[in-house]
Each structure stands twice: as C-alpha cells, then as structure tokens.
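Work through the two exercises below with the coordinates at hand. Each task is followed by a solution that goes step by step.

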Amino acid sequence: MSAIYSESMMESVKKVEATRAARMATEPRRLTAEEKDALLKEFHPDYNEASFAEIKVGPNKGQKAPLELANMLHSTSRLMTDKVDITKVDYDVDVLVIGGGGAGSSCAIEAHNAGANVMIVTKLRIGDANTMMAEGGIQAADKPNDSPVQHYLDCFGGGHFAAKPELVKRLVMEAPDAIKWLNELGVEFDKDADGTMVTTHGGGTSRKRMHAAKDYSGAEIMRTVRDEVINLGIPVVEFTSAVELIMDDKGQAAGAVLLNMETGDYSVARAKTVVIATGGAGRMHYNGFPTSNHYGATADGLVLAYRAGAPLLYQDSIQYHPTGAVYPSQILGALVTEKVRSVGAQLVNVNGEAYIHPLETRDVNASGVIRECREGRGVEAPNGEKGVWLDTPMIEILGGEGTIEKRIPAMFRMYMNYGIDMRKLPIMIYPTLHYQNGGVEIDGDGFTTTIPNLLVAGEAAGGIHGRNRLMGNSLLDVIVFGRNAGKKAAAKYKSVELGEMNLNHVSAYDAELEAAGVKTNDVSPLLLPKYARHER
Amino acid sequence: MENMVNVYFYGKKYSVPASLTIMTAMEYAGYTLKRGCGCRHGFCGACATIYRIKGQNELKTCLACQKQVEEGMYVASIPFFPTDKRTYDINEIKPTQQIMMELYPEIYSCIGCNACTKACTQSLNVMQYVAYAQRGEFEKCAEESFDCVSCGCCSVRCPAGISHPMVGLLARRLTGKYIAPETEHLKNRVDEINSGAFDELIQQIMQKPIAEMKELYNTREIEK
C-alpha cells in the first residue's frame, strides 16, 4: 500500500515515525496572542492585498472584497437583457426560502410549523449544500462544566472580537435547544450508554463541546431535516435558482425572479417575506485555492441582497480550513475534518516536527501550514503540490485499534479508496477554501438591516463569527439561525401588505455601475462555476 | 505529456487525462454539469453513475466524483432516480416492527440476490441492513446503514423495487429519537436556559469592553 507515496515522501514518513513517541509524550505549546497575530499577518491569505479589490458601487462602496466577489458585484444582472414580466406570478407564498441546505430546510420546517405557507427554491437538489459535507461536529454548551457564556467567550475571541454580540448571544443561548430539536427529529448523535453526549475539542474551544455523528455529522443532520421537509409536504422547487429579488413600491422585499437551471425558463415568486439561505462561496476559488465546498457555493445570495441595497459585513474575511487533502490529486481540496485532530492527530512538518498545537483556531493553523511550506519545511507530492503531514496513526495509538474506522469512517473511506491506509501512514494536507466568514449583515432577529421583510440565514449571513469561525459553530449557526428565520418570517408575514412589485433596483444598480465606469464581461450571480474545458 | 485514456460518455468517445475522476473528466470533455453533480466530495450522492469496461459485461456502479477514469470505460450518469419515500409523522410513529410493514412493505419481498450490496458505492452491506429492518432491529439497521449517501444505486439494481436508502433513513430516525438513550445533561441545560439562569451572565459578557474580553479570552482555562 505504501508504494502510493513517492520515495521522498516515504523518507519524510520515516522521520514522522521516528519522532512519534517523543511527540506523543508532550503536547505542543499554545501560541501567545502576539505570536498568533504575527503569524496571521505574514501568512494568512486574507492579508494578501493583491487578492482583493475595492468595491466601486453599493452600500459597501470603498471597502474591499475578494477579486472574484468584487467581479460579481461589479457585473450586470441577467435581467438587464432577459426581460421577465413580473406581473405574471407563478408562485404566491407567505415565506419564500431561497436555498435548500441546512439553514433553508430548518427555516422552512419552523415556518411551516408556525402556520405559514412556505416554499423552498434551490439551485440544485435539496441537501446539495455545505451542510451535507460538514464532518466534524456541532457545538453546544450542554455539559455541566460548560456554559453558554464560556461558549460566547470562545466564539467571540476566536472571531477576533469582531462578531456582533447580539448574534453570538443567539448562537450560544439557542445551541442546546438546537441539539435537542435535532435529536427529537431523530438525528443520531454519538452518545455513551447512559445518554451522555460524546464530545471533543475543536480548534479554539476551551471546553469539550463538539457533538458529532461519527464524521458524517452534517450529512446526518441534513438528511434528517430534508426528510422532515418532505414529510411535512413543504413544496421544494429544485434546479431552480433565484436570479434577482423582487421589491415592491414600499421598498419591501416581495419575492424573486427564478430561473429553471435546465430549461432556461424564468418564473416569478411573490412572497410576503423572503429568506436568503444560499450558503457560501468556495466555488469562487478565492486566492486560487481549491475548495471543500459543494458545487453550487458561488455567493449568489450576497449578490442578490447587495443589488437590492443590503450591506455586507466582513466580506473580506475568508476561512481556509487548515487541513484540505492534497494527495492524491483526485481528492485535492477535499475536507479532512478537524475531528482528525480532535481525536489526536498532530500537524507535523517534513522533518517530523510538531511545529504547532493542532487545535489552534483555523486561521492560525492554516497560516502555520502555509509558513512551513513557504519556508522549506513542507512535503512535496508527486503531483507538485506541497503540504504537511497530519499524523493519523497517532489516533489508533491513543484511542486504540479501530478508533479511526469508528470515529472518522468517511476519512478512512476517502483515503482507502486510493490505497492509503491512514491507520498506518500519515496523510498530506494543505489549507482549502472552506467558509465565508462574512456575508449579508443581519440584525439580532435575522433581518437585513435595510430591506424590510428580507431575512438571511446560514453561511450567507455575516457577523455571527466575526473574522474567523470555530469548528462546529457553522452547523450550529445554520440550525439556530435557520430556525430563527423561519419563526421570525412566520410571525412577520401576517402584517405584511405588499404593494406593486418592481425590479427598479436592478436597473438602478446597473446605472450605478455605468456611472462608476465599472464593466466586466460577466453576469451575476454566477450560479455555477465554469469548469467545462472547451478546446476552442 | 499527460497519460491519457479513452472513455465513453453516453457512448461517445473522449480522450481524457488518466488522473481525473469521472466527474472532472466529463468537465474536461466539455460538459457543464447540472444534474449528477453535488458536493463533489462523496457525501451527497448526487453523482450516482453506472459504467462498464469495454470487453467486460459486468455493470458497475460508483460516485462520479470518487471514481478515477479507466481505459475503455462506458459511462452513464443517473440524473435522477425515482426513489419511493413514504411520508410519516415522526412524533406519531413508534419503533415497532409494524412500522416497517406499514411504510415499506416491499422489503419483505427481498429475494436475497444481494445486488444492492454489490451496487453500494459506499461498500455497505445493504441487504443485511434491510434484513435488520425486516426484523425490526432498527438500531442495527441504523448502524449498518449509517454511511449511506442515498445515491440510489442499490435501488436501481433491486428486483423487488425496494428504496433501501429510505428504509435506512427511517431506521436511523427511529433510533435517534426513540431508541438511543435520552441525554439528561442536554435536557437540564435547555431547562436552565429557558428559566433564565444565564440571562444576566450573558448580558454582562456582551457589554464588556474589548480590552477586558481580550484579557478574559487569552487567559481562559482550557479543559484538558
């Protein structure tokens, strides 16, 4: 099996093996606040000025955004050329949920249970979402030695003290109830025989509060909430993307123009409240990174909301997960869950040195990997990629034989598929584009700050995690803020009187682009990444 | 020069780099995927695919995002499979053998051909978990089916028309909700929060100046 690693890789593996016993006897030191800051400034991609551009129009004008996002914000709407008659309404609902991931599905369930007529539209299938791919776990302070206040401190500090306090409060205070809700829907959390949750650390947690369902945590949550959406009979319009919001003459959100991804036909949804739950942006490949995200993660919701006048928050803050797969090339960018480190694996450089504590926050650990590689202490793979080792055999030594198959079966399967037995050999990793820390700014109740009746939930929202998100706070965020949006939208729609619908904001935005002299040759939102190769 | 192989997408021949997966090879060939592409990392089951190697008669199943191309591969992706999910109220049903009989009676028509297990892209013992479901052993069914990504390849091959992923899903929900032991500390914490036990403390920490928060954060004790 080991033939799959090159000779030079195997030489380095020998060093990793030689230092293993000594490394296991001591825990790597945690960095000081000053050391972390210095590491981030020098090596984190967010500090690479060349990968950002100034936003020229709209509410965040003058601020920076990743080049690819700025390009989308500077591109024109499909509806400037494709004319759609919005007086012909195809769907008329109380709550329109755009996006069928964890946030959208939780939102729809709560809105339905509160009596609203709710509909989900989603670009691919319901459940084709980053939620499905979340592996490691979900945080909640439900153990006696923990408290929501401690969770608040970890989240706020890990996010560099930039998160909005009212959002962190909701996240941590509603976390235990989110776990209970999921458990009562039938999510199978890892538990001991007496019902105690099996919990571990994540990077930057001060208490072991990571709840998991093996390393299929997100999949287990997503398939359960999806099943519930179907059981409740909530309409789900799949392969249908929202391409613009519709406003009314009172300045309220009033629905969306939809595009059938397969036929190219447009349709119109009118809604008294609209929830954007469109997820992340990994498929924009900021900074040229590969991504752990699903195919449709193209920041669509940010573009829709921004064009209608909703400000973004921390759109310049991106999470690179420290451990993405680099070798073999078929799984380049795939997530290697942080849980691999939670259950004992260290980060080790080419010389066999555990150069950092494996459970620093993600931004710090990602910067550490980049530093090792840039300063010549990285491992080189035959595909030309660089990385460091994640010393997985440690897990079996620490937890006993069989721990890997029991606790991280998805990782084991992914590597065995290519003949790499992670129980015996370390695996090679490098940061992968993982999460959009920022998004559309929301208030404490989940509404945008400027557009009445428009809510945002899940990864598309900004401000919950400040400038760095902790492991397990995103699965938590999609459930807490998804449920919250559903309840709030259902409470709100009853008092909404819609006026006449219009798309004036689309042409106004286009005029603004023109006045600013901004021109791209693209239309936005992107909807799908352009992966097809065409010879001519 | 890259090592190339010949593959056939829906019968049409393309020369593609041998290092690619079926999914990336289709994109290399010029396809813009809409159906048959989801998470791209083996978790969502969107890219169920059937293939056969030229010169062999055996049909094989895989996830297009997880399978590397091979010379002479005839590939057809399954854009959608009409899996038969029955609906129910999770709060009304009970984890008895009866419920499988009511919702998925066709599992008792299983002829034991094991085609489902052979077709499983996750190498699960599908026929075994269906057998557990037949006997009302939901906990075992849940465990055996846990890694299922609902790609549906099992159902495509099943002569009895069983929707295996849906059977596993029902067993897991029943297990998670009714069979697994209740979590006392979770219930207690939710009660504490609802009774307002943390309201004052959370208000206090929300109002602390950043400098004090930094001090608190940087000196906090980390559980071993």
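**Exercise 1.** State how chain A of this predicted model is divided into domains, and describe the side of domain 1 of chain A that touches domain 2 of chain A.

*Solution.* Begin with the division: domain 1 of chain A consists of 2-30 + 321-433, whereas domain 2 of chain A consists of 77-135 + 164-171 + 217-317 + 437-502. Next, take the centres of domain 1 and domain 2 of chain A over C-alpha atoms, which gives a separation of 35 Å. The contact, for which C-beta atoms placed from the backbone must lie within 7 Å, takes 16 residues from domain 1 of chain A and 12 residues from domain 2 of chain A. On the side of domain 1 that touches domain 2, at least two residues each are supplied by β14 (318-325), α12 (362-374) and β18 (427-436) of chain A, and the largest share, 3 residues, comes from β18(A). Finally, sorting the residues of this side of domain 1 of chain A by character yields 6 nonpolar, 6 polar and 4 charged.

**Exercise 2.** Determine the strand order of the open sheet of 3 strands in chain A, and explain why one side of β6 and of β7 of chain A is left without a neighbour in the sheet.

*Solution.* The order in chain A is β6-β8-β7, and the pairing is antiparallel. Because β6 (138-139) and β7 (199-200) of chain A stand at the edges, each has a single partner strand, and one side of each therefore lacks a neighbour in the sheet. For β6(A), the pairing with strand β8 (residues 210-211) of chain A runs over 2 bridges in the antiparallel sense. At the residue level, Ile138(A) has His211(A) in β8(A) as its bridge partner.

Technical notes
Residues numbered from 1 in each chain as written. Chains lettered and ligands numbered in written order. Predicted model: local features only at pLDDT ≥ 70, side-chain atom pairs only at ≥ 80, totals over all residues. Domains from an automatic or database assignment. Contact = placed C-beta atoms within 7 Å. Helix = DSSP H or I, 4+ residues; strand = E, 2+ residues; numbered from the N terminus. Nonpolar A, V, L, I, M, F, W, Y, C, P; charged D, E, K, R; others polar. Pairing = 2+ DSSP bridges.
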